[in-house]
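Please look over the chain below before reading on. The briefing takes its surface, its charge pairs and a few single residues in turn.

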Amino acid sequence: MARRSKTNLENDIERSRWEEKWEYMPKLVDQLSSRTTSEPSIDAIKKLLISESQLEIYLRDHPLGTTDAAKAKKAIEETVANLEKLVSQDKLGKVERKQEALFLLCKAYFVLEEFQSCVKCCDQAGTEDIYIDTQLKRKTKLVAEGFAHKAMALEQLRSIGKSDISDEDIISCYECAGDIGLWLITDQTSSQRTATPSQTPVLGRTLEIALQRAPVLHIKNGKIMEGINRFRLMMRVVETRTSLGLRKGLAKQLAQVLLRGVCEMSYEKPLNLLPNSPMISSTSSLKSASKMDLKATTINVITCKHATFPLKPQMYSGESLFFPRNETEESLLLLLLDEAMVFKDAELSQAPEKSTARQQTVVDSENAYDLLTLALVRRAQYGMLSECFDRGMKVAFEEFHLWFQFGLSLISAGKYHRALMVLKQCHQLRPEDSLVCLYAAKLCLNSLHMIDEGIKFAKKVIAMGDEKELSSKGYLALGIGYSLLASEACLSGERQQLQKQAIDALQKGHNLDPDDSEVLFNLALNHALMRQMTKALKNIRNALKMDMNQSFFLHLLALILSSQKKFVEALEVCDAALMEFPDDFSLLLTKVKLEQACLGGDQALITCKRLLETWKQVYESDLSGSTELQRAGSGLLDKVITDSRSLKQIPLTELTSDKDSNDGASSIAASVRLEQALSDEAASTSVKLSVPAVLALQAKLWLAIADVYIAMKKDTEASACVQEAHLIFPFSPDVLFQRGRIFELRENLMEAKNCFDNAISINPNHVASIQLLGAVYHKLGNLVMAEKVLREAINIDPTAFEAW
C-alpha cells in the first residue's frame with residue numbers, strides 16, 4: 001500500500017506540472033517524504049518544485065515581452081538564487097533533475113535578459129544525455145522550451161554584435177524545440193485516451209515562436225523552398241484543440257510567403273512530402289534509443305547532429321491527400337483554411353465582457369480577407385472574392401474595413417445594386433469618410449444610371465471639404481452628373497443651364513487640382529458639347545501633356561479637330577493612337593469616317609475589313625461554346641475575313657446566306673437590351689464585354705460598313721451589311737435607319753418613310769431618323785409634316801445642323 005501511495009503522489013505532482021496547475025504544488029510538495037518518494041534528496045526536490053511553480057506563475061502573469069528585466073529581477077530573484085544553488089551544490093541526485101533545474105534557469109535568464117547565461121545553461125544541460133521519458137511530458141516540454149530560449153538568446157546576442165553565431169545553430173535549436181512541441185500535442189501514446197479540456201496540452205508562446213521562426217529564418221537566408229517545406233510539414237501535423245491557433249498562424253504565414261516570394265517559375269509542388277518524412281533535417285543532434293522501447297528516448301545535443309528525430313508527431317497521410325498544382329492554388333487553399341479556422345473560433349457576442357475576444361476575431365478576419373483579396377484579385381476572381389466577404393459579414397458588425405472591402409468586391413464583380421447598399425452602410429458607419437461617398441457617386445453615375453443619387457453623393461464629398469484631391473474628385477463627379485442630366489433634358493434652356501453647371505463644377509475641380517488630367521478631359525468634353533471648340537482643344541491638349549496613355553483623350557482630340565474641318569490632322573491623331581491601342585473600336589470607327597472624308601470610300605473599306613478582323617481576333621474566344629453563338633450572323637464575317645481581296649472587290653451579295661432573322665432577338669425588348677448592353681459596357685475598354693454586348697458591337701461594325709457603301713452609292717453591298725446586322729438586331733433603330741437610307745438611295749420613299757417611322761417608334765429620340773423622315777416628307781411634298789418633324793429633331797438636339 002505504501003508503494004501505491006507513493007506512486008499516486010508522484011503521479012499527482014507530474015500531472016499538476018503538465019497541466020500547469022501551479023497553485024496546487026505547495027500542498028502536494030508538503031506531502032513528500034521518504035515514504036512517499038524514491039528521490040534521494042527530498043529537500044532539494046521540494047525546493048526545485050516550489051521554485052518551478054513560482055517561476056511559472058510569474059511567467060504566466062507576465063508573458064514574454066510584457067515586462068522589463070529590472071522588474072523581473074525583483075520578482076524572481078529569490079527563485080533564481082534557489083535554482084542556482086541547487087545546480088551548484090549538486091544536491092538533486094539524479095541527472096534528470098539537474099537538467100530540469102538548468103532548463104528552468106535557462107528560461108529565467110532569458111526573462112532577465114542575461115542571454116549569455118541562458119545559452120550557457122542550455123549547453124550545460126546538454127553535456128550529459130538528455131533522457132526523455134514519454135510518460136513524463138513536463139520534462140519533455142522543459143527540454144523543448146530550453147532549446148527555444150537558447151535560439152532566441154542566440155538571436156539577441158547576434159543582434160548586439162556577437163559575430164561567431166551562425167544561422168544554422170539558431171535554426172537547429174528552433175527546429176528541435178518545434179519538433180518536440182509538435183510531438184507533445186499529437187503524442188500517439190495519449191491519442192487513444194480521451195483527454196478532458198483541462199488535460200489538453202498547451203504549447204505556450206515560447207514553443208509557438210520556435211515553430212514559426214525556423215521557416216522564417218530559412219527564408220531570410222535565401223532558402224525559400226526549405227522554409228516553405230518546413231511550413232508544409234508543420235501544416236500536415238494532425239490538428240488538435242490546442243493547435244488551432246498555431247495552424248491559423250502558420251497557414252497565414254505560408255500564404256504570405258507564396259504570395260510575395262514565389263512565382264510560377266520558381267514554385268515547387270509539394271509532391272515530395274511523404275508521410276514518413278522526418279520532421280528534422282538539420283537539428284541539434286538527436287539520437288534514438290531502442291525503437292522497441294518507447295518509454296525512454298535519449299537526445300544528445302552535442303555529438304549527434306543530422307540524426308532523425310525519434311518522436312514523430314501524427315501527420316495526415318493517405319491517398320486522399322490533395323496536392324496543389326501551382327502557387328495560386330496552394331495560397332488560396334491556405335487562406336480558405338485560415339478563414340475556416342477563424343470562423344471556427346469566432347466570438348460573435350456583443351456583450352461587453354466579450355469585447356476583447358470579439359476584437360481578436362475581427363482582427364483575424366481582416367487579416368484573412370486582406371490576403372484573400374490579394375490572391376483573388378491577381379486572377380480577377382471578383383465573384384469568388386465577393387462570396388468570401390459575404391460569408392464574413394457575420395463578424396463584421398459595425399466594422400467599417402470589412403464592409404468597405406465587401407462593397408469594393410461587389411463593384412468589381414459587377415453586382416452594382418448590392419454594392420450601393422453596402423456603400424450606404426459604410427457611409428452610416430463612417431459619415432466623415434469622403435472616399436465612401438466618392439465611390440458611391442461613381443457607382444451611381446457610371447454603372448447604375450442613378451444620376452440624382454450620384455449628384456447627392458458628390459455634393460456630400462464637396463461639403464466635407466477634405467484634402468484638395470478628394471474635393472477635386474467630388475467636383476469631377478458633380479460635373480459628370482450635371483452633364484448626364486443635360487444629355488437627357490428635353491428643353492433647350494434646361495439643357496444649356498445644366499451644361500453650364502457642369503462646366504462650372506469641373507472648373508472648380510481643376511482649380512483645386514490643376515494636375516488632374518481626368519478633370520481636364522471632362523472639361524474639354526463639355527466645352528465641345530457646348531460647341532466651344534477653342535477651349536475644348538486647349539483643355540484636351542493640356543490633359544494629354546499630363547497623361548498620354550489614355551485612348552479616349554486622343555479620341556476626343558481627333559473628334560475636336562474633325563469638327564474644325566482639320567480632317568488630315570485628326571486622321572494622323574487616330575493613326576498615332578491606334579499604334580498604341582490597336583484594338584480600340586471607337587478609334588477605328590472614327591478612322592473610317594475620317595478616311596471617308598479625306599481619302600474616299602475605297603480607303604475607308606480597307607479599315608472596315610480591319611475592323612472585322614480585329615473583332616474576330618479579340619472576341620471570337622468569348623463566343624466559343626456560348627448559347628448566344630446562333631445570333632452571330634449568317635457567317636458573312638468569316639467569309640469576308642478569309643477572302644484575301646478588299647471589301648471593294650468582294651461581292652457581298654453572293655456571299656450572304658438566306659438565314660432568317662428569327663434566329664436572332666425576336667422582340668423589340670431584346671434588341672433594346674442588346675443596345676443597352678453595348679452602350680453600358682463598351683464605354684470602358686477596361687471592362688470585359690458580355691456576349692450580348694460583343695454581338696451588338698459586331699452589328700454596329702456592319703452598320704458602319706453599310707454607311708460607307710451608302711456614301712459610295714452601292715446599295716446592294718450596303719443592303720448585305722444591313723441584313724447581317726439585322727440577324728443580330730432585328731428591331732434595332734440603327735438597323736431600320738440604315739435600311740431606310742438604302743430605300744431612299746433607291747428612291748423608294750414610302751419604304752424609306754416606313755423604316756424611319758419604325759426606328760422612331762422604337763427610340764423616339766433617334767435624331768438621325770427624325771431628320772431623314774423630315775427630308776422624306778419634304779421630297780414627298782408634305783411640307784407641314786416635314787416642318788413639324790424637323791422642329792422635333794431640333795428640340796431634341798439643337799446642334800443637329802442638318803435639321804436646321
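The notes below are grouped by topic.

This is a predicted model. Salt bridges in it number 35. UniProt, in an unreviewed entry, marks TPR repeats at residues 400–433, 733–766 and 767–800. Several of the residues below fall in or beside those spans.

**Annotated repeats**

- The "repeat: TPR" feature comes from the UniProt record, where the entry is unreviewed.
- Residues 400–433 are 79% helix and 0% strand. The C-alpha atoms at the two ends of this span are 11 Å apart.
- Residues 733–766 are likewise 79% helix and 0% strand. Here the end C-alpha atoms lie 8 Å apart.

**Contacts across the chain**

- Gln405 sits in helix 16, which covers residues 400–412. Its relative accessible area is 19%, so Gln405 counts as buried, the limit being under 20%.
- Gln405 and Leu423 are 18 residues apart along the chain. Their C-alpha atoms are separated by 9.7 Å.
- Ser769 belongs to helix 35, residues 767–779. Ser769 is buried because its relative accessibility is 0%.
- Ser769 and Asp734 are 35 residues apart in the chain. The distance between their C-alpha atoms is 8.5 Å.

**Surface patches**

- A patch of negative charge on the surface brings together Glu432, Asp466, Glu467 and Glu469.
- Glu467 of this patch is in the loop between helix 19 (451–464) and helix 20 (468–488). Glu467 has 51% relative accessibility, so it counts as exposed.
- A nonpolar patch on the surface is formed by Phe322, Leu333 and Leu337. Together these three have about 270 Å² of accessible area.
- Phe322 is placed in the loop between strand 2 (296–299) and helix 13 (327–344). Its relative accessibility is 51%, so Phe322 counts as exposed.

**Salt bridges**

- Side chains of opposite charge can pair when their charged atoms come close.
- Arg430 pairs with Asp433 in a salt bridge, with 3.7 Å between the closest N and O atoms. Arg430 is partly exposed at 33% relative accessibility. Asp433 is buried at 17%.
- Asp575 and Lys591 form a salt bridge at 3.1 Å, N to O. Asp575 is in helix 25 (residues 567–580) and Lys591 in helix 26 (residues 585–598), so the bridge ties together parts 16 residues apart in sequence.
- Asp575 is partly exposed, with 32% relative accessibility. Lys591 is buried, with a relative accessible area of 10%.
- Asp757 and Lys753 also form a salt bridge, their closest N and O atoms being 3.1 Å apart. Both residues lie in helix 34 (residues 749–762). They are four residues apart, about one turn of the helix.
- Asp757 is partly exposed at 25% relative accessibility. Lys753 is buried, with a relative accessible area of 16%.
- Salt bridges with shared partners also build one network. Its members are Glu14, Arg17, Glu52, Glu56, Arg97, Glu100, Lys107, Arg138 and Glu145.

**Positive phi values**

- Which loop holds Ala380? Ala380 is in the loop between helix 14 (355–378) and helix 15 (382–392).
- The phi of Ala380 is near 55°, a positive value in a residue other than glycine. Ala380 is partly exposed, since its relative accessible area is 45%.
- Glu747 has a phi near 65°, again positive in a residue other than glycine. Glu747 is placed in the loop between helix 33 (733–745) and helix 34.
- Is Glu747 buried or exposed? With a relative accessible area of 68%, Glu747 is exposed.

Key: Residues numbered from 1 in each chain as written. Predicted model: local features only at pLDDT ≥ 70, side-chain atom pairs only at ≥ 80, totals over all residues. Heavy atoms only, no water. Patch = residues over 30% accessible without salt bridge, like charges linked within 9 Å, V, L, I, M, F, W, Y side chains within 5 Å. Areas by Shrake-Rupley, 256 points an atom, 1.4 Å probe, with all protein chains shown as cover. Salt bridge = Lys/Arg side-chain N within 4 Å of Asp/Glu carboxyl O. Lys, Arg positive; Asp, Glu negative; His and termini not counted. Charge placed at Lys NZ, Arg CZ, Asp CG, Glu CD. Buried < 20%, exposed > 50% of the residue type's maximum accessible area, 1.4 Å probe, protein only. UniProt positions renumbered as here; feature names shortened; annotations may be inferred.
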